[in-house]
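Student: Could you take me through one part of this protein in detail? I would like a close look at the sheet, along with what packs around it.

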Amino acid sequence: MEEELRIGQGPSHNLMKELIISNDVIMFANYVRMTPESWNCLLGKVFNKLEKSTTNMRIPISPAERLCVTIRYLADGKTQKSLMYEHRHGHSTIVGITTETMTAIIDALKNDYLPKLSTENMKEVANYFYSRWNLPNCCGAIDGKHIQVVAPYKSGSTYYNYKNFFSIVLMAVCDADYKFTFVDIGAPGSRSDGGVFSDTQFARDLDSGAFRLPPDAFLPGSTTMFPNFIVGDEAFPLKSYIMRPYPGQYLDHQKQVFNYRLSRARRIIENCFGILAAKWRIFFTPIHTSLEKVNLIVMSCVCLHNFLRVRDGVTVTTARYINVGDADQGDEDNGQWRNVPAPADTWDRINRLRGK
């Protein structure tokens, strides 16, 4: 009886079909954050990993429904218990579906859309940074983002950050086109960005010489050789491969111009984080699950972000993943993601979770 009530009910059986039949690309993209073509492409990539065999006991949940449940979980930020009522499944079933599907998304997308860094692709990134953001020899922008979580059991203040909530750190490097090129997930929120980065394998490889940025190159219009580098803010140490702004307020004109150029390029990683959170609203509230699953959530969203930036990027005329105005334009902090308000009760919920 319960099986009969489930079949044919829920958004994946009704709403998704209505959106497809209506041929309204914008409404479809608002619901699942991607165009129908990208949805079908993603479904094709994870289908075999999510398909279950039919048994005499029950009809299996289809890969399309599993993907719909998971995408809505990430896109809307609803709790898994609320999805239980919306999709007509038990709580343990929803938990299993989201875990399995996020794992399938990462397995299907990571190698193609978040590949291992190489000197060759860093050279391409540097060329694009110069042509688009007027900063030569820049191989990426780096920063850390705090992912709100409910305080892990018996963790004390380990995950309590300077912003007064519990978090893990998403440390990331991006290219000039708002795509992530490197991520490290899971460091406790109490740690500094510089300390988190120094403990990543990427930083250790750069320090030891196991990984090298592209060779030194001439600065445009000069005979000065200069190393390639990654740009970061004041939280990161000054190294041969990390460039940070000059400190202080009373700088000469030359240093001011340098800081302007560097900050203009460094804003790309801020925009990456802002667009990621604006599209995947699960980052707008404290995530109430195990740290292992939080890592899955973050990595799957990063992979989806890169996948959709490529699939629904500049070649799509409507329902682009990043539209004109979503990111900062010119020299102003005017990206639409900066105007997306977090839920009004977010900090109240955080304080309640902290026992205040």
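Tutor: Happy to; here is a walk through the sheet, the helices lying on it and the cores.

Please keep in mind that this is a predicted model. The protein chain contains 13 helices and 7 strands, and 49% of its 356 residues are buried. Among contacts with a separation of 6 or more, 65% are between residues 24 or more positions apart.

Let's start with the sheet itself. It is open and built from 5 strands, in the order β3-β2-β1-β6-β7, with mixed pairing. At the edges sit β3 (180–188) and β7 (242–243), each pairing on one side only. Strands of a sheet pair through backbone hydrogen bonds, either parallel or antiparallel, and you can find both senses by looking at β1. With β2, strand β1 pairs in the antiparallel sense over 8 bridges; Gln 148, for instance, has Ser 167 in β2 as its bridge partner. With β6, strand β1 pairs in the parallel sense over 2 bridges, and here Cys 138 stands opposite Phe 229 in β6. Moving outwards, β6 (residues 229–231) is joined to β7 by 2 bridges, again in parallel, with Val 231 opposite Met 243 in β7.

How many of the residues of β1 are buried? The count is 11 of 11, so this strand is mostly covered, buried here being under 20% relative accessible area. Two of the helices that lie across the sheet deserve a look. Helix α8 (residues 119–133) lies across β1 (138–148) and β2 (167–174), and runs at about 95° to β1. Helix α12 lies across β1, β2 and β3, running at about 165° to β3.

That brings us to the cores. In soluble globular proteins, nonpolar side chains tend to be buried together. Here the largest nonpolar core has 80 residues, and the members touching the most others are Trp 39, Phe 180, Trp 280 and Phe 283. The biggest contribution to this core comes from helix α12 (residues 291–311), with 11 residues. A separate core of 21 residues includes Ala 126, Cys 139, Leu 206 and Tyr 241.

Phe 283 is a good residue to select in your viewer. Beyond its neighbours within four places in sequence, Phe 283 is in contact with Ile 147, Gln 148, Leu 276, Ala 277, Ile 297, Val 298 and Cys 301.

Next, try Cys 272, in helix α11 (residues 253–279). Cys 272 has a relative accessible area of 0%, so it counts as buried. With neighbours within four places in sequence set aside, its contacts are Cys 174, Tyr 178, Lys 179, Phe 180 and His 305. The C-alpha atoms of Cys 272 and Asp 177 are 9.1 Å apart, although 95 residues separate the two along the chain.

Finally, follow Trp 39 into α4, where Trp 39 is buried along with Ser 38, Leu 42, Leu 43, Val 46 and Leu 50. The cover over the buried residues of α4 includes α2 (15–22), α3 (25–32), α5 (63–76), α7 (91–113) and α12. Helix α4 (residues 36–50) also has a kink of about 35°, centred on Gly 44.

Key
Residues numbered from 1 in each chain as written. Predicted model: local features only at pLDDT ≥ 70, side-chain atom pairs only at ≥ 80, totals over all residues. Heavy atoms only, no water. Core = buried A, V, L, I, M, F, W, Y, C linked by side-chain atoms within 4.5 Å. Buried < 20%, exposed > 50% of the residue type's maximum accessible area, 1.4 Å probe, protein only. Helix = DSSP H or I, 4+ residues; strand = E, 2+ residues; numbered from the N terminus. Contact = heavy atoms within 4.5 Å. Bend = angle between axes of the 7 residues up to and from the residue. Pairing = 2+ DSSP bridges. Axes fitted to C-alpha atoms, helices over the stretch in contact; angles between N-to-C directions.
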